Amino acid sequence: MMYYDPARHHRRSIRLKGYDYSQPGRYFLTVNVKNGRQLFGHVINGKMILNDAGKMVETWYFELENKYPNIVLRQHVVMPNHFHTIIEIMDIPLYGHLCVDAQTTTNPQSNTINHNTDAHVGTSPRGRSQRGHPYGSNNKKYHASIFDMMDWFKTMTTNAYILGVKNNNWPRFDGKLWQPRYHDHIIRNNAAYHRIKKYIIENPTNWKSI
């Protein structure tokens, strides 16, 4: 049985030399809160109960499909002090990439997407909004890497968390919300995909508070 090991996930795995992390494929990603602080909710009887900060993280996670239209969000879970997801980059041409300025979109309460956040371990609800962002490229083909996606996700959630600290008295963080590095793993086959998917689903059940 697989258990979450904070020490193992505090570093980014060594990138494969010459590997293009923007190419189609499935990627298992883990992002950790700095210093392991439990900011996003609690596990009760094997079920993850998100607080407002945790729901914010999940909202911005679903926004990745709007930001990067050539990806599909597979399994995910927001845990008290870390976040797991499987993201699949699809083999489709991508023109007119939609861009969002991290400095101008910082409050998840300002968007109109209403995702079901009661199921905190699951797949994307495929709830992409049909509206386009007002920030567009010049109709150029653009392939973002997994690292671009995670940097955007970390920026947006950090900015939104700062607003939560100012407006809703969320617990403050020291310096950075997230660990500067994160764990990434290329999923090579269906057997590995189902094994990792099971690991994500069972994360709350296997949770042991630090």
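## Asn45 and Asn35: two loop residues

Asn45 is located in the loop between β2 and β3. In this predicted model, the phi angle of Asn45 is positive, at about 50°, although the residue is not a glycine. Asn45 has a relative accessible area of 80%. Because exposed means over 50% relative accessible area, Asn45 is classed as exposed.

Asn35 belongs to the loop between β1 (25-32) and β2 (41-44). Its phi is near 65°, which is a positive value in a residue other than glycine. With a relative accessible area of 57%, Asn35 is exposed. Asn35 also appears in the lining of the largest cavity, which is described further below.

## Overall architecture

How many helices and strands does the chain contain? There are 4 helices and 7 strands. Read from the N terminus, the order of these elements is β-β-β-α-β-β-β-α-β-α-α.

The chain has 210 residues, and buried residues make up 48% of them. The accessible surface amounts to about 10800 Å², and carbon and sulfur atoms account for 48% of that surface. Among contacts with a separation of 6 or more, 78% are between residues 24 or more positions apart. The residue pairs described in the next two sections give individual examples of positions that are separated in sequence, with the distance between their C-alpha atoms stated for each pair.

## Strand residues: Gly25 and His82

Gly25 is placed in strand β1. Its relative accessible area is 22%, so the residue counts as partly exposed; the buried class requires a value under 20%. Leaving aside residues up to four places away in sequence, Gly25 touches Ile87, Glu88 and Ile89. A further pairing links Gly25 with Ile186: the two are 161 residues apart in sequence, while their C-alpha atoms are 7.6 Å apart in space.

His82 lies in strand β5, which covers residues 82-89. Is His82 buried or exposed? His82 has a relative accessible area of 0% and is therefore buried. From C-alpha to C-alpha, His82 and Lys34 are 9.2 Å apart, with their positions 48 residues apart in sequence. Lys34 is one of the residues that line the largest cavity.

## Helix residues: Lys198 and Thr205

Lys198 is part of helix α3, which spans residues 190-201. Its relative accessibility is 46%, so Lys198 counts as partly exposed. Lys198 and Gln75 are 123 residues apart in sequence, and the distance between their C-alpha atoms is 9.0 Å.

Thr205 is found in helix α4, made up of residues 203-206. Thr205 has a relative accessible area of 56% and is therefore exposed. What is the C-alpha to C-alpha distance between Thr205 and Lys47, which are 158 residues apart in sequence? The distance is 6.7 Å.

## Internal cavities

Rolling a probe the size of a water molecule over the atoms shows where empty space is left. In this chain, 2 cavities of 30 Å³ or more are counted. The largest cavity has a volume of about 40 Å³.

Which residues line the largest cavity? The lining consists of Val33, Lys34, Asn35, Arg37, Leu39, Phe173, Asp174, Lys176 and Leu177. By residue class, this lining contains 4 nonpolar, 1 polar and 4 charged residues.

## Confidence of the model

The average pLDDT of the chain is 78, and 66% of the residues score at least 70. Which elements have the lowest and the highest mean pLDDT? Strand β6 (residues 121-122) has the lowest mean, 56, whereas strand β3 (residues 47-50) has the highest, 98.

Two stretches have pLDDT values below 50. Residues 1-14 form one of them, and in the model this stretch has 37 contacts beyond near neighbours in sequence. The pLDDT is also below 50 over residues 126-141, a stretch with 40 contacts of this kind in the model.

Notes
Residues numbered from 1 in each chain as written. Predicted model: local features only at pLDDT ≥ 70, side-chain atom pairs only at ≥ 80, totals over all residues. Heavy atoms only, no water. 1 Å grid on protein atoms, 1.4 Å probe; cavity = no way out; pocket = protein on both sides within 12 Å on 5 of 7 lines; lining within 4 Å. Points joined across faces, edges and corners; volume = space filled by probe spheres on them. Nonpolar A, V, L, I, M, F, W, Y, C, P; charged D, E, K, R; others polar. Buried < 20%, exposed > 50% of the residue type's maximum accessible area, 1.4 Å probe, protein only. Contact = heavy atoms within 4.5 Å. Areas by Shrake-Rupley, 256 points an atom, 1.4 Å probe, with all protein chains shown as cover. pLDDT = per-residue confidence, 0-100.
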